[in-house]
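I am opening a notebook on a chain I have not looked at before. Each entry below records one thing I looked up.

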Amino acid sequence: MKQEAQLDKVLSRFDVLALAFGAMIGWGWVVLAGEWISQAGVLGSVAAFLGGGAMVLFVGLVYSELTSAMPETGGVNIFLTRALGSRWAFIGCWSLAMGYISVVAFEAVALPTVIDYLFPGFQAGYLWEVAGFEVYLSWAGIGIAGSLIVMWINYRGIKQAAFFQIVCTVMLTLIGLVLIVGSPLTESPAGVSPLFAGGAVGLFGVLIMTPFMFVGFDVIPQTAAEINLPYRQIGKVLILSVAMAVVWYIGIVYAVGHSLSREAITTSSLPTADALAAVLGTPWGGKLLIIGGIGGILTSWNAFFVGGSRILYVMAQKGMLPQIFGRLHPKYHTPANAILLIGGVSLLAPLFGRQTLLWLTNAGSLSIMITYILVSIAFVWLRKREPQMERPFRAGKSAWIGWAAIVTSVILGVLYLPGMPAALEWPYEWAMLLAWWGVGAVYFFRLRAREKSREGEVAERTTATVDRAQ
C-alpha cells in the first residue's frame, strides 16, 4: 500500500523566528509610515502601535499556549474545533484565510510600487484607471512576475521557503536598523511633523491598520507540525517575534518623523526611503532602503503563502472546503493546490492599481480581528472546560490573559464598523469583505447541512439499536 505524503518536520528555531518576524515587519512600513505620521503625528502613531502591540501581545500569549498544547498544522482550526465546534472553526479559519491572502495580494501590489521608486517613468502599455491610479501593463507585470516566483518557491517545499525567508529577513533587518539607529544621530530638519495630529480620527485611523501590520506571528500555529522544536519553545519564539515587531514599528515611526519635515513626508511617494537618504546624506540611501524593502516584500509574501496554504489545506482535510485543496504534492510534500489558488489571487491584485494597498490593509485587518476574538474565546473556554489539558507553555495561572485579549480585540474590531471614526471605506473595502464572505457562506451552509445529515444518521442508528434491544 502506498504511504500518504506527510508534511515534513524540518523548521528550526531560527527558521520559525525568521518566518514570524519577517512576516510581521514585511513591507507595509516602507509604504505606509508617511501615511501614519500624516494622520496621527509622530507620538500619535507611536501610541497607536503601542495600543495595537498590547492587543497583539495578549493574543500572542493566547496563541502560544494553545499552540504548545495542540501542535498540529492549521492551529486555528484545531483550537476552535476543540473548544467551540467545527462551525465556529470554519468562521475563524475563513476570516484568517482572508487576512493572509490579502497580505499576499498586498505584496503583489507593493513590488511594482518599489520598482516605480527605483526606476520612475518605466510604465508602458496603458490598461485602465482604478480610483485615480493609471494601471500600466509593465507595472502590473512586475507584480505578476513576483507572484509566480514566490508561488514556485513555496510549491517546491517548506525548507526552501524557510531558507529564502531567512535571507530576506536578515537583509531587511540590517538596512532598517541603519535607519532606526542612524536617525537619532542626525539633526532634524525645520518644520518636522507635530507630535499629535488629526485628533481621535487620526489616532484610530492608524490604530485600525496595526492588526494588518502585526499579523504574521500566527503563521507559527499554522505550521506547528513542521516545526522541529520542543512545544514550550514554540510559544517562547512566538512571543519574542511579537515583541521584536512592536519595537521595530515604533523605531521606524520615530526615525521617519525625526528625519523628514512634514512637507517632505506629505509630498514623498516613499517617505521611509527618503528618510534613510536624509540620514546617510545621499540619494543612494533611499535606493538602499528600497533594496532592503524588497526583502521585506518577499518575507511577508513568502510567509503568508506558507500560512494561508496550510489553513486552506486543513480546512479541506476537515471537509470544510473541496478535497482538492487538502492534497499534498507527492514529491514536495506541500499543499500544492492551495498554493496555486493563493497564487492565482496574487496574480490578479496588481491589475487593480496602487490604491489596493490601503483597501487590502483595512479589509484584511477586520477579518483578522474576527479570528483573534474567536481564538481568545476558545482559550478562556478551554481553561474552564479542560483545566487538566497538558500545556507546555502557560500564559499565566488564571485566564485573565484570554479575557484581556478578548476585550482589546473587540474594542479594536468595533473601530472598523460604520459610524466609527475609522470605519471601512465604501464601496471598495466593504465589497472585498462581502465578496469573500459570500463565497464563505456557500461552504459554511454546506458544512452545516452535512453535519445535520450526520447527526440525523447517528440518531436513526441509536433509535434502531434501542428498538432491537427492546
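**Entry 1: F196**

Is F196 buried or exposed? I looked up its relative accessible area and got 57%. The cut-off for exposed is over 50%, so F196 counts as exposed. I note here that I am working with a predicted model.

Next I asked where F196 sits. I found F196 in the loop between α7 (158–182) and α8. I then listed its contacts, leaving aside neighbours within four places in sequence. They are A40, G41, L43 and G44. I followed up on A40. F196 and A40 are 156 residues apart along the chain. Their C-alpha atoms are separated by 5.6 Å.

**Entry 2: the whole chain**

I stepped back to take stock. The protein chain has 18 helices and two strands. It has 470 residues, and 57% of them count as buried. I also checked how far apart in sequence the contacting residues are. I took contacts between residues at least 6 apart in sequence. Of these, 83% join residues at least 24 apart.

**Entry 3: α8**

From the loop I moved on to α8, residues 199–207. Which residues of α8 are buried? I wrote down G202, G205, V206 and L207. I then asked what covers them. The cover includes α2 (28–40), α3, α9 (210–214) and α17. Two of those names, α3 and α17, come back in the next entry.

**Entry 4: α3 against α17**

I looked at α3, residues 42–69, beside α17, residues 400–414. Their axes come within 8 Å and cross at roughly 135°. That angle makes α3 oblique to α17. The crossing is left-handed.

Which residues of α3 meet α17? I listed M55, F58, V59, L61 and V62. On the α17 side I listed W400, I401, G402, A404, A405, T408, S409 and L412. By class, this contact has ten nonpolar, three polar and no charged residues.

**Entry 5: S68**

I stayed in α3 and picked S68. Its relative accessible area is 2%. Buried means under 20%, so S68 is buried.

What does the side chain of S68 reach? I found the backbone oxygen of E65 at 2.8 Å. I then looked for contacts beyond the neighbours within four places in sequence. S68 is in contact with Y231, R391, P392 and F393. The number 231 caught my eye, since α11 covers residues 231–259. I turned to that helix next.

**Entry 6: α1 against α11**

I paired α11 with α1, residues 13–25. At what angle do the axes of α1 and α11 cross? I read roughly 35°, with the axes coming within 9 Å. This crossing is right-handed.

From α1, the contact takes in R13, V16, L17, A20, F21, M24 and I25. From α11, it takes in Q233, V237, L240, S241, V242, M244, A245, W248 and Y249. By class, I have 13 nonpolar, two polar and one charged residues.

**Entry 7: S241**

I zoomed in on S241, which lies in α11. Its relative accessibility is 0%, so S241 counts as buried. I set aside its neighbours within four places in sequence and listed what was left. S241 is in contact with L17, A20, F21, M24 and F217. I checked these against the previous entry. L17, A20, F21 and M24 are among the α1 residues of the helix contact.

**Entry 8: V253**

I followed α11 along to V253. V253 is buried too, at 0% relative accessible area. What is V253 in contact with, neighbours within four places aside? I wrote down W36, I37, V42, S45, V46 and F49. I followed up on V46. V253 and V46 are 207 residues apart along the chain. Their C-alpha atoms are separated by 6.8 Å.

**Entry 9: R448**

My last stop was R448 in α18, residues 428–469. Its relative accessibility is 30%. Partly exposed runs between 20% and 50%, so R448 counts as partly exposed. I then compared its position with that of S86. The two are 362 residues apart in sequence. In space they are 9.0 Å apart, C-alpha to C-alpha.

Technical notes. Residues numbered from 1 in each chain as written. Predicted model: local features only at pLDDT ≥ 70, side-chain atom pairs only at ≥ 80, totals over all residues. Heavy atoms only, no water. Helix = DSSP H or I, 4+ residues; strand = E, 2+ residues; numbered from the N terminus. Buried < 20%, exposed > 50% of the residue type's maximum accessible area, 1.4 Å probe, protein only. Polar contact = N/O pair within 3.5 Å; in protein donor to acceptor, adjacent residues only side chain to side chain. Contact = heavy atoms within 4.5 Å. Axes fitted to C-alpha atoms, helices over the stretch in contact; angles between N-to-C directions. Parallel < 35°, antiparallel > 145°, perpendicular 65-115°, else oblique. Left-handed = near helix turned anticlockwise from the far one by under 90°. Nonpolar A, V, L, I, M, F, W, Y, C, P; charged D, E, K, R; others polar.
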